[in-house]
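This report describes one protein model, starting with a helix and its surroundings. The sequence and the structure come first.

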Amino acid sequence: MYINNQKQLVKAWAKTLQKTDWDLFSTITYRYDINPKQNQSIMMRLKDYLLSLKLKFKVFWVMEHNIRGVSTHNHLLIKGERVEQEVEYHLRSKGLITDHVKHLPYEKEASIYVAKYLYDPESQYDIIESK
């Protein structure tokens, strides 16, 4: 599935992500087809919104292409109170999502799952963290 350096990258990211005691693993699926450029813009506006709230939090997000390859969705690792509600509120207020949001308690495998997308040269990801 991976060539050696891709495997090393995925393992290194998973190990790094596992150092945080995340609360949730979330999947955000959009109402419409969202291309990578739009996805990046959406996530940068979400970042600005979350930072404006003055909450203590940390979010790691990674973009994934859907099966058809014409759209994207995001996986998030979330740490902090109220963050998942604020993520949903912001995206719903922009008309980007409906009920295709899933928040699950974090398990170690979630770090491995999100890290598997980081070898892709088209991958977009970021860590959003309050100071």
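## Helix α2 and its surroundings

The buried residues of α2 pack against three elements, namely β2 (58-65), β3 (72-79) and α3 (83-93). Contact here means heavy atoms within 4.5 Å. Helices (H or I, at least four residues) and strands (E, at least two) are DSSP runs, numbered from the N terminus. Buried stands for under 20% relative accessible area, exposed for over 50%, and partly exposed for values in between (1.4 Å probe, protein chains only).

The model is predicted: local features need pLDDT of at least 70, side-chain atom pairs count only at pLDDT 80 or more, and totals for chains, interfaces and linings use all residues. Residues are numbered from 1 along each chain as its sequence is written, and side-chain values use heavy atoms, with hydrogens and water left out.

Helix α2 covers residues 36-52, which is 17 residues. From its first C-alpha to its last it reaches 24 Å, close to the 24 Å expected at 1.5 Å a residue; the expected span is 1.5 Å times one less than the number of residues. Its buried residues are N39, I42, M43, L46, Y49 and L50. They cover an arc of only 120° around the axis, which puts them on the same side of α2. The arc is that of the directions from the helix axis to the C-beta atoms. An α-helix has 3.6 residues a turn, so residues three or four places apart point the same way. K37 and D48, on the other side of α2, are exposed.

At the N-terminal end, α2 is capped by N35, with a side-chain oxygen 3.0 Å from the backbone nitrogen of K37. After the helix comes K54, in the loop between α2 and β2.

N39 lies in helix α2 and is buried, with a relative accessible area of 0%. Not counting residues up to four places away in sequence, N39 touches Y30, I34, W61, M63, T72, H73, N74 and Q124.

## Strands

Two strands pair if DSSP finds at least two bridges between them. β1 and β3 run antiparallel and are joined by six bridges; β2 and β3 also run antiparallel, joined by eight bridges. In the first of these pairs, T29 stands opposite H73 in β3. In the second, M63 has N74 in β3 as its bridge partner. The hairpin of β2 and β3 has six residues between the strands, and G69 in the turn has a positive phi of about 80°. Seven of the eight residues of β3 are buried, so this strand is largely enclosed by the rest of the structure.

T27 belongs to strand β1 and is buried, with a relative accessible area of 17%. The side chain of T27 makes a polar contact with the side chain of H75, at 3.1 Å. A polar contact is a pair of N or O atoms within 3.5 Å; within protein, one must be able to donate a hydrogen and the other to accept it, and residues adjacent in sequence count only if both atoms are side-chain atoms. Leaving aside neighbours within four places in sequence, T27 is in contact with H73, N74, H75, H100, V101 and K102.

## Nonpolar cores

A nonpolar core is a set of buried Ala, Val, Leu, Ile, Met, Phe, Trp, Tyr and Cys residues joined through side-chain atoms within 4.5 Å. The largest has 23 residues, of which I28, Y30, V59 and V87 touch the most other members. The elements giving two or more residues to this core are β1 (24-29), α2, β2, β3 and α3. The most come from α2, with five residues. A second, separate core of 15 residues includes W13, A14, Y106 and Y117.

## Two loop residues with positive phi

Neither residue in the table is a glycine.

| Residue | Phi | Loop | Relative accessible area |
|---|---|---|---|
| K54 | near 65° | between α2 and β2 | 72%, exposed |
| R82 | about 70° | between β3 and α3 | 44%, partly exposed |
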